[in-house]
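Ready for some practice in reading a protein model? Grab a pencil and work through the exercises below, one step at a time.

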Amino acid sequence: MHAYFLIIPIPILLLLTSTPYAAAAPSIRSDRILQKQFLAPHNAARYALRLSPLVWDPKLARYAQSYANKRRGDCALRHSGGPYGENIFWGSGKDWTPAQAVADWVSERKWYSYWANSCVEGELCGHYTQIVWRSTRRIGCARVTCNDGKGVFITCNYDPPGNYIGMRPY
């Protein structure tokens, strides 16, 4: 009976544990978790209508993060005015999750009339229709906790954008 051991010289072992990749792993992991927290409820709403799922787009995510960083100081519900479709969310406190923001947007489904292709009078439904806009393929989102306890600001950007007047989302 023989035993085999793999002997790794100590300098190589130190190199493996001190690379920048070892330090970046938690950040990459948390980014992927955040992506899933945004994508899963978006794609569940789309799946219910047999629409193709959205995919995460790093360019859109950078755009969303840049804009969310600008809102960090005031947490104001203002759109970026950029070239993409956009949903924004604000919640007081600091514990709001991506899934809660998307659930809020999707809850507008009850105010959308497919047959009239409009929202029930006095209600909002454009966040929902952007999520289920048939031609939208890519998404990027961001979440920031605002300064001085002003709450949480969440934004998602969509490409191609939706919500064109006179057109049905699906």
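Let's warm up with one cysteine: Cys156 is buried (under 20% relative accessible area, with over 50% called exposed and partly exposed in between; 1.4 Å probe, protein chains only), because its relative accessible area is 0%. Keep in mind that this is a predicted model, where local features need pLDDT of at least 70, side-chain atom pairs count only at pLDDT 80 or more, and totals for chains, interfaces and linings use all residues. Residues are numbered from 1 along each chain as its sequence is written, and side-chain values use heavy atoms, leaving out hydrogens and water.

**Exercise 1.** Find the partner of Cys156 and describe the link.

*Solution.* Step one: look for a disulfide, meaning a pair of cysteine sulfur atoms within 2.5 Å. Cys141 fits, with an S to S distance of 2.1 Å. Step two: check the twist, which is 110° about the S-S bond, a right-handed link. Step three: place both ends. Cys141 sits in strand S5 and Cys156 in strand S6, 15 residues apart, and the pair links distant parts of the chain. Helices (H or I, at least four residues) and strands (E, at least two) are DSSP runs, numbered from the N terminus. Cys141 is buried too, since its relative accessible area is 4%.

**Exercise 2.** How many disulfides does the whole structure hold, and what joins Cys75 to the rest?

*Solution.* Step one: a search of the whole structure gives three disulfides. Step two: Cys75 pairs with Cys146, their sulfur atoms 2.1 Å apart. Cys75 lies in the loop between H3 and S2 and Cys146 in the loop between S5 and S6, so the pair ties together parts 71 residues apart in sequence. Step three: the S-S torsion is about 75°, so this disulfide is right-handed. For contrast, the link of Cys119 and Cys125 has -90° and is left-handed.

**Exercise 3.** Work out whether the length of helix H3 agrees with its residue count, and which way its buried residues point.

*Solution.* Step one: the expected span is 1.5 Å times one less than the number of residues. The 14 residues of H3 (58–71) should therefore span 20 Å, and the end C-alpha atoms are 20 Å apart, which agrees. Step two: list the buried residues, namely Leu60, Ala61, Ala64, Tyr67, Ala68 and Arg71. Down the axis they fall within an arc of 130°, so they line one face of H3; the arc is that of the directions from the helix axis to the C-beta atoms. Step three: turn to the face away from the buried side, where you'll find the exposed residues Lys59, Arg62 and Lys70.
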